[in-house]
Amino acid sequence: MSEQIQDNYREVRKKINETCEKVGRKPEEVTLIAVSKTKPLSDIEKLIDIDVIEFGENKPQELRDKFDEISTPVRFHQIGHLQTNKVKYIINKTVLIHSVDSIKLASVIEKEAAKRNIFINVLIEVNYAGEDSKFGVSKDEVLPLVKEIADRFRHIRIRGLMTIAPFVENPEDNRPIFKGMKELLLDIKSQNIDNVDMSILSMGMTNDYLVAVEEGATMVRVGTAIFGERQKKEN
Ligand SMILES: *Cc1c(COP(=O)(O)O)cnc(C)c1O
């Protein structure tokens with residue numbers, strides 16, 4: 001059974017590489033983040049055995065606990081919603097916070113980072129489809145938020161954008177969202193805002209990561225296709 005996770009990872013990576021070739025991108029432009037939320041450390045270790053280092057967690061406490069318990073250092077991404085009172089748990093344990101969507105959250109990240117004299121890489125989470133159930137800012141709010149964070153917070157480095165696309169039966173239905181996200185990224189990049197480096201586009205999950213790669217994702221976050229189904233659906 002244990003090799004199943006390794007085989008799954010290799011299969012996902014292979015499909016990403018083939019898709020890159022198909023659309024004329026370089027496979028190394030796309031980072032595969034193995035989303036290990038709710039899964040035990042032993043599952044993460046299976047992947048460490050085949051040299052995987054990028055992992056994603058959505059709950060800050062879980063990221064913190066796994067970071068503290070793991071024997072081999074890996075790169076943990078905070079991909080889920082982050083409440084301001086949880087920032088301190090993960091501030092020095094994550095390589096990238098994918099889910100910044102307010103000045104309030106950014107100001108707490110700034111404060112915690114300044115205290116420790118470190119710099120924090122973040123993405124702005126965009127609720128592109130405008131779903132009520134989702135966190136993230138609307139596409140019109142992205143540029144003002146980027147400008148304000150870049151202007152006010154010295155310890156935060158904005159590296160790009162992230163979105164969680166709607167769950168759809170047919171991944172093609174999300175193609176316009178992924179296209180729109182790429183346009184938004186390029187649009188903001190073209191403004192050459194000081195202290196902002198719009199190079200990362202985090203989008204695509206088990207159901208739609210290949211469409212996201214075709215449309216320019218530089219990070220895909222894949223859980224189920226690698227680790228199998230999770231206990232609780234909403235996780
Ligand atoms: C759970 C989760 C994923 C991975 O979802 P799968 O459908 O299992 O691949 C990706 N991104 C975020 C933010 C998540 O919470």
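In which sense do E1 and E2 pair, and over how many bridges? Keep that in mind as you open the viewer; the tour reaches the answer at its second stop. The model you are looking at is predicted.

**The whole chain**

Begin with everything selected. The chain holds 9 helices and 8 strands. Its C-alpha trace spans about 50 × 40 × 35 Å along the principal axes. A compact globule of 235 residues would have a radius of gyration near 18 Å, and the 17 Å of this chain agrees with that.

Now try a surface view. About 11300 Å² is exposed, and carbon and sulfur atoms supply 48% of this area. Of the 235 residues, 51% count as buried. If you colour by charge, you will find 36 positive and 39 negative side chains, with the centres of the two sets 3 Å apart. Contacts also link distant parts of the sequence: among those with a separation of 6 or more, 60% are between residues 24 or more positions apart.

**Strands E1, E2 and E8**

Select residues 31–35, which form strand E1, and add strand E2, residues 54–57. Here is the answer to the opening question: E1 and E2 pair in the parallel sense, over 2 bridges. Zoom in on Ala-34, and you will see Phe-55 of E2 opposite.

Stay with E2 for a moment and show its side chains. Glu-54 and Gly-56 are on one side, Phe-55 and Glu-57 on the other, and all four are buried, so both faces of the strand are covered.

Next, add strand E8, residues 219–222. E1 pairs with E8 too, in the parallel sense and over 4 bridges. To find a bridge, pick Leu-32, whose partner in E8 is Val-220. E8 is covered on both faces as well: Met-219 and Arg-221 are buried on one side, and Val-220 and Val-222 on the other.

**Two residues with positive phi**

Most residues other than glycine have a negative phi. The next two picks go the other way. Select Thr-38, in the loop between E1 and helix H2 (41–48). Thr-38 is not a glycine, yet has a positive phi of about 70°. With 35% relative accessibility, Thr-38 counts as partly exposed.

Then move to Asn-192, in the loop between helix H7 (175–189) and strand E7 (196–202). Asn-192 is not a glycine either, and its phi is positive, at about 45°. This residue is exposed, with a relative accessible area of 67%.

**Into helix H7**

From that loop, step back into H7 and select Met-181. Is Met-181 buried or exposed? At 0% relative accessibility, Met-181 counts as buried. Show what surrounds it: leaving aside residues up to four places away in sequence, Met-181 touches Val-126, Tyr-128, Leu-161, Met-162, Thr-163, Leu-201 and Met-203. Try a distance label on one of these pairs: Met-181 and Met-203 are 22 residues apart in sequence and 8.8 Å apart in space, C-alpha to C-alpha.

**Last stop: helix H1**

Finish with helix H1, residues 2–23, and pick out Asn-8. Which residues does Asn-8 touch, not counting those up to four places away in sequence? They are Ala-225 and Ile-226. Asn-8 has a relative accessible area of 19%; buried means under 20%, so Asn-8 is buried.

Notes: Residues numbered from 1 in each chain as written. Predicted model: local features only at pLDDT ≥ 70, side-chain atom pairs only at ≥ 80, totals over all residues. Heavy atoms only, no water. Rg over C-alpha atoms; globule rule 2.2 N^0.38 Å. Buried < 20%, exposed > 50% of the residue type's maximum accessible area, 1.4 Å probe, protein only. Contact = heavy atoms within 4.5 Å. Areas by Shrake-Rupley, 256 points an atom, 1.4 Å probe, with all protein chains shown as cover. Lys, Arg positive; Asp, Glu negative; His and termini not counted. Charge placed at Lys NZ, Arg CZ, Asp CG, Glu CD. Pairing = 2+ DSSP bridges.
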